[in-house]
Amino acid sequence: MQHRQLAPFSPDFLWGASTSAYQVEGAWDADGKGRSVQDARTNFPEGTTDYRVAADHYHRFAEDVELFAELGLTAYRFSVAWTRIVPDGDGEVNREGVAFYHRLIDALLERGIEPVLTMYHFDLPQALHEKGGWGSRATVDAFTRYARILFEEFGSKVRYWLTINEQNMMILHGAAIGTAGDAANPQKALYQQNHHMMLAQAETMRLCHELVPGGKIGPAPNISVVYPASPRPEDILAAEDFNAIRNWLYLDMACRGSYNPTAWAWLTEKGIAPEIADSDLEILASGRPDFLALNYYSTATVAAPLDGGGVGAVDGADQQLAVGEEGVFRSVRNEHLPVNAFGWEIDPVGFRTTLRVVHDRYRLPLLVTENGLGAFDTLEADGSVHDPYRIEYLAAHISQMRAAVSDGVEMLGYCPWSAIDLISTHQGVRKRYGFVYVDRDEFDLKELKRYRKDSFFWYQQLIKSDGSEV
Ligand code: BG6
């Protein structure tokens, strides 16, 4: 639909930006912090670094928050490292870790920036991992206890809470994100982990409403609509199936407290359905989100499986590159879409469609917690960074988000990835997303100085105009 006049963004729309603890903080073992699975990871692609220093935000957060204020952010989405708060996941509380997040949150609030707190972003405590991780029910209790600590500590300061970042990607791309483990039936193990995360999430949402007056909480999966490769009914069915497996499995559970029927049929058919205890259903039904957060980078396009088998897996699959599923769908390249330097398709219109479909399905306000372009940036001799490609990407997506608002979608805000350069999940430092350039290479830390990119000044102007000057 074309609108003759687009609706404006509401004056209290949150114009933010995002990061996650292990990708930005560094200081991986400072001040009593425990090791997370990310700190313990050794499978970094050749030529990329690990997360131990990252952007050194832990030591430079005050300078960074000044930059966020200058940028004009009205929200900042960050994650708390579980291992700073409870170093071994379920034992003693580390007061120094708690104090760090108080300092960060206070600095944000002093500058009128709304903190949006993710409780868990890919960085499970290594000690819990060694005891079975999400495969063990004990981790549900450990997470719920950790959540309670966060609510009690920060509940008077933080209004917006996110439970688990991209739970669906941790399950669908367990090998890429490091959750797969080496169980005899890795997929079944992953869906058992998934079930436990669902329980932890439901308990946490319930607890938030009990402990944080006025607090709002939601899940933060990676959601994008799945297109059929053609109008062939079999392709449409394949797209519906992948939509159920990729998207609705996670959002139906968060919003309705039950498994999506199509996804459940697939889990059962494959023999990978999780074990469910009687009391689980009650727990799952007891938690409800106040809004839905979602990360969006691109859409996926799929076709019906081939008779002779074959799923069209994409080389080097990561969280955005769909792999197929024998007998269900195969992933195909969408020839209508350009791709970025890392092979991810770019689809701003798909962003509008995704926002509409999710809003229509669950009728909850939406908060975009990631969207952005990973690219190779160049720091010029005069300290400038010219990133017109990033501006183009963001402008196109914001325009489509405004169209979605005009279509009737209720939006709380937009937090693109990322506020500042950080370590990419898959391609290290060289794949940059930030509005602020952090001067370091993969292995040469240099001085980690901060530089404002062209996109910084562009986003600053956009925020000043309440999103009207895209
Ligand atoms: C999301 C994650 O999957 O995508 C982020 O929540 C991640 O942690 C982002 O950095 C971009 O992915 P990548 O692999 O380019 O860093």
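Select tyrosine 160 and then lysine 216, its bridge partner in S5; strands here are DSSP runs of E with at least two residues, numbered from the N terminus. This is a predicted model, in which local features need pLDDT of at least 70 and side-chain atom pairs count only at pLDDT 80 or more, while totals for chains, interfaces and linings use all residues. Residues are numbered from 1 along each chain as its sequence is written, and side-chain values use heavy atoms, with hydrogens and water left out.

Widen the selection to S4 and strand S5 (residues 216-220), which pair in the parallel sense over four bridges, pairing being assigned if DSSP finds at least two bridges between two strands. Next add strand S3 (residues 114-120), which also pairs with S4 in the parallel sense, over four bridges, and where leucine 117 stands opposite tryptophan 161 of S4. Colouring S4 (residues 160-165) by accessibility shows a mostly covered strand, with six of its six residues buried (under 20% relative accessible area, 1.4 Å probe, protein chains only).

Now move to the ligand and select its 16 surrounding residues, of which Gln23, Glu166, Thr425, Lys431 and Tyr433 come nearest; a residue is near if one of its heavy atoms lies within 4 Å. Among the polar contacts (pairs of N or O atoms within 3.5 Å), a side-chain N or O atom of glutamate 166 is 2.5 Å from a ligand oxygen, a polar side-chain atom of histidine 121 lies 2.8 Å from a ligand oxygen, and a polar backbone atom of threonine 425 is 2.6 Å from a ligand oxygen. The protein covers 100% of the 370 Å² of accessible area that the ligand has on its own (Shrake-Rupley method, 1.4 Å probe).

How values were computed. Buried < 20%, exposed > 50% of the residue type's maximum accessible area, 1.4 Å probe, protein only. Polar contact = N/O pair within 3.5 Å; in protein donor to acceptor, adjacent residues only side chain to side chain.
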